[in-house]
Amino acid sequence: MSDGSMREPTFLVLTALASEPQHGYAVIEDIARITDGRVRMRAGTLYAALDRLRTDGLIEVDREEVVQSRLRRYYRLTGVGERRLATETHRLRQQAGVAERRLQGRGIAYGGGPA
Amino acid sequence: MNTHDGLERGYRRLLAVYPWQHRRSYEEEMVGVLLSEAEPGQRRPRPAEVADLLAAATAARFRGAAGGLRDEAWRQAASVVVYFGAILMLGVSLRPLLNEAAARISFDARGLDSTTVYASGFVLDVESLLRPALWALVVAALVLHRRRFAAGAAAVLAVLAATAEITRVAGWYAESPSRVLQSFWLVTGATLIAVAAVWLIGGVPGSQTRGALPRGTALVVVAVVLILAGGVADIAQRWWFSDWSFVMTTDGGFMVRIAALLFLAAAVLLMIAGALQGAPVRRRLVVFGLPVAVVALMVPYGFAGFMFSSQQFATPIPVNPLQWTLLIGGPAVTFVVAALALQRRERHLRWIALGQAADGSVKAP
C-alpha cells in the first residue's frame, strides 16, 4: 500500500480492529457505531477492504470459529497496520486542527454555528 | 426449502461472479455476514446488495488480472520486449539514413550530382537523425540499467522515441492517410515498447531487468544488421538496376534474392532469440507481439477497400472514427484478451499438474 492518504473504508476497518480482533459482521456493526450510523458498510465493500488490507500486511487472521454452522474469521491489526493507522490518524488530526483554527478565525465555533 | 435457503442461494449466485481465489477465501464468511444483515422475511438479495457485490466482484476480477501481470515472467517478457524492441526500432529508424547514403553513393559512383537526391525525397533532416538517436539512447540506458533511476531514464527515452515515431507517421496524414495505415504497425510497436518500459519502472526489478542482457540479444543485433544489409541490397537493386536501367549490367533479380535471403535469415534469428527465453516468457512474448500482428494483418485485409479508394481521389479520404477505434482499440483489446486467456490457461495447467501430483502421491506405494 502506498504511504498516501487512506480511503475512508480502509481507515474505518483499521479503527474497528484497533480495539480487539473482530469478525466481519462485528466490524460492520462497530463501524456503524463509530460513525454514529452514518456509515453502514456492505459486505462487498467490507471484504474488498479486508482482502486488500490482508494483502498489504496491515491485518491478519486472528482465529476462526464455527457458529451455527457458519464460519467466523476474526481479524486483527498487524504492527504495520498499527503504524499506518497511527500515521493516518496524525495526518487527519493535523488537517482537522488547521480547519478548526481557520474556522475560529472566521468567527465560527468548532462544531457548527457562529461563535 | 425455507426463505433462508432461497436467500442464501441468491447470495451464492452473486458471489459466483467473484474470482475463484476470492470465493475460496471469503465465500463462507461473506454468506454468513450477508445472512446476518438480512431483514426478517427477506427472500432475495436487495438491489443495493446486488450492486455492492457486483461492483466489488468486478473490482476483484480487475485486481486479480492486474496482479497476474505483476508476476516475474511478465516482467521478464516486458524486459525482452523493451530490449529487443528498442534494438529493432534502432535498425528500422536507421534505414532511411542508409537509404540516403546508398542513393548518394549510387549517384556519386555514376558521376551524377548527388544534390538531386533531395528531389527524390531523401532528406537528411533532424527527424531522421532524432529517431535513431533516441532508440540508441534507450538501448544504452538498458545496457547500463542497474538502478531504478536507469529504468526511469530508459522509460522516458522510450516514450520520447515512441512520440517521435507517432509524430513522424502522423505528419503524413493530411497528404496520405493510407501511408499512415501502412506504417501503423510501427506506431503500435513503438507504443508497446514505451508502455513496457514505463511498466518496468514499478515493482522490484527482476533478474533480467537489472543490467544483464536477455538471452539472444546478440542474435537480435545480428538480425538487425541483416535487416539493414537486406535494406541496402533492396535499395541497391532499386537504384542501380530499376530506376537506372542504362547502368544495368547484371540480372536485377540477383540483389532481390540477396535481400530476401538476408530478411529471411534475420527472421529466423529473431525467432531463435525468442525461443531462447523460458516457456512462460515465450508465451508472454507472443501476447506482446499479437497487437502488432493484428495491426499488420488488419491494415492490408480489413482496410484494403479504404486504401484503394483513398488513393483514387485528389483529396484523400480521412479515416473515420470507427476505423480509428479499430486501429487503436483493436491492438489494446487483443493484448488484454490474450493476457487474460494466457493466465486462465496457465491456471488450468497448474491445476492439472497439482491433480497429477496428488494422483501420483496416492498411487505411490
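**Which helices of chain B each supply at least two residues of the lining of the largest pocket?** They are α4 (72–109), α8 (184–199), α10 (253–275) and α11 (279–302). That is where this set of close-ups starts; bear in mind that the model is predicted.

**View 1. The largest pocket, with its lining from chain B helices.** This pocket has a volume of about 880 Å³. Its lining takes in 23 residues, and the ones nearest the centre are B:G85, B:L88, B:L270, B:G289 and B:V292. Sort the lining by class and you get 18 nonpolar residues, four polar and one charged.

**View 2. The largest cavity, lined by residues of chains A and B.** Here the volume is about 90 Å³, and this is one of two cavities of 30 Å³ or more. From chain A, the lining residues are A:I28, A:M41, A:R42, A:A43 and A:G44. Chain B brings B:V33, B:L34, B:E37, B:R46, B:E49, B:D52 and B:L53. As for the helices, α3 of chain A and both α2 and α3 (47–68) of chain B each give at least two residues to this lining. The class split is six nonpolar, one polar and five charged.

**View 3. A salt bridge between A:R40 and B:E37.** The closest N and O atoms of this pair sit 2.4 Å apart. A:R40 is in the loop between α2 (24–34) and α3 (43–55) of chain A, while B:E37 belongs to helix α2 (residues 20–37) of chain B, so the salt bridge joins two chains. The partners differ in their surroundings: A:R40 is partly exposed at 40% relative accessibility, whereas B:E37 is buried at 19%. B:E37 also turns up in the lining of the largest cavity.

**View 4. A:T35, in the loop between α2 and α3 of chain A.** With 10% relative accessibility, A:T35 is buried. Its side chain reaches the backbone nitrogen of A:V39, at 3.1 Å.

**View 5. The open sheet of chain A, three strands in the order β1-β3-β2.** Pairing in this sheet is antiparallel. β1 (22–23) and β2 (59–67) are the edge strands, each pairing on one side only. Follow β1 across to β3 (residues 70–77) and you'll find two bridges joining them. A:Q22 stands opposite A:Y75 of β3.

**View 6. The salt bridge of A:D62 and A:R63.** These two side chains meet at 2.8 Å, N to O. A:D62 is partly exposed, at 26% relative accessibility, and so is A:R63, at 35%.

**View 7. B:E39 and B:R46, a salt bridge in chain B.** The N to O distance is 3.5 Å. B:E39 has a relative accessible area of 47%, which makes it partly exposed; B:R46, at 28%, is partly exposed too. B:R46 is another residue to look for in the lining of the largest cavity.

**View 8. A network of salt bridges with residues from both chain A and chain B.** A:R70 is linked here with B:E8, B:R12, B:R23, B:E27 and B:E28. Over all chains, the model has 22 salt bridges.

Conventions:
Residues are numbered from 1 along each chain as its sequence is written. Chains are lettered from A and ligands numbered from 1 in the order in which they are written. This is a predicted model: local features need pLDDT of at least 70, side-chain atom pairs count only at pLDDT 80 or more; totals for chains, interfaces and linings use all residues. Side-chain values use heavy atoms; hydrogens and water are left out. On a 1 Å grid over the protein atoms alone, a cavity is a set of points where a 1.4 Å probe fits but cannot get out, and a pocket is an open set with protein on both sides within 12 Å along at least five of seven lines; lining residues have an atom within 4 Å of a point. Grid points are joined across faces, edges and corners, and a volume is the space filled by probe spheres set on the points. Helices (H or I, at least four residues) and strands (E, at least two) are DSSP runs, numbered from the N terminus. Ala, Val, Leu, Ile, Met, Phe, Trp, Tyr, Cys and Pro count as nonpolar, Asp, Glu, Lys and Arg as charged, and the others, Gly among them, as polar. Two strands pair if DSSP finds at least two bridges between them. A salt bridge is a side-chain nitrogen of Lys or Arg within 4 Å of a carboxyl oxygen of Asp or Glu. Buried means under 20% relative accessible area, exposed over 50%, partly exposed in between (1.4 Å probe, protein chains only). A polar contact is a pair of N or O atoms within 3.5 Å; within protein, one must be able to donate a hydrogen and the other to accept it, and residues adjacent in sequence count only if both atoms are side-chain atoms.
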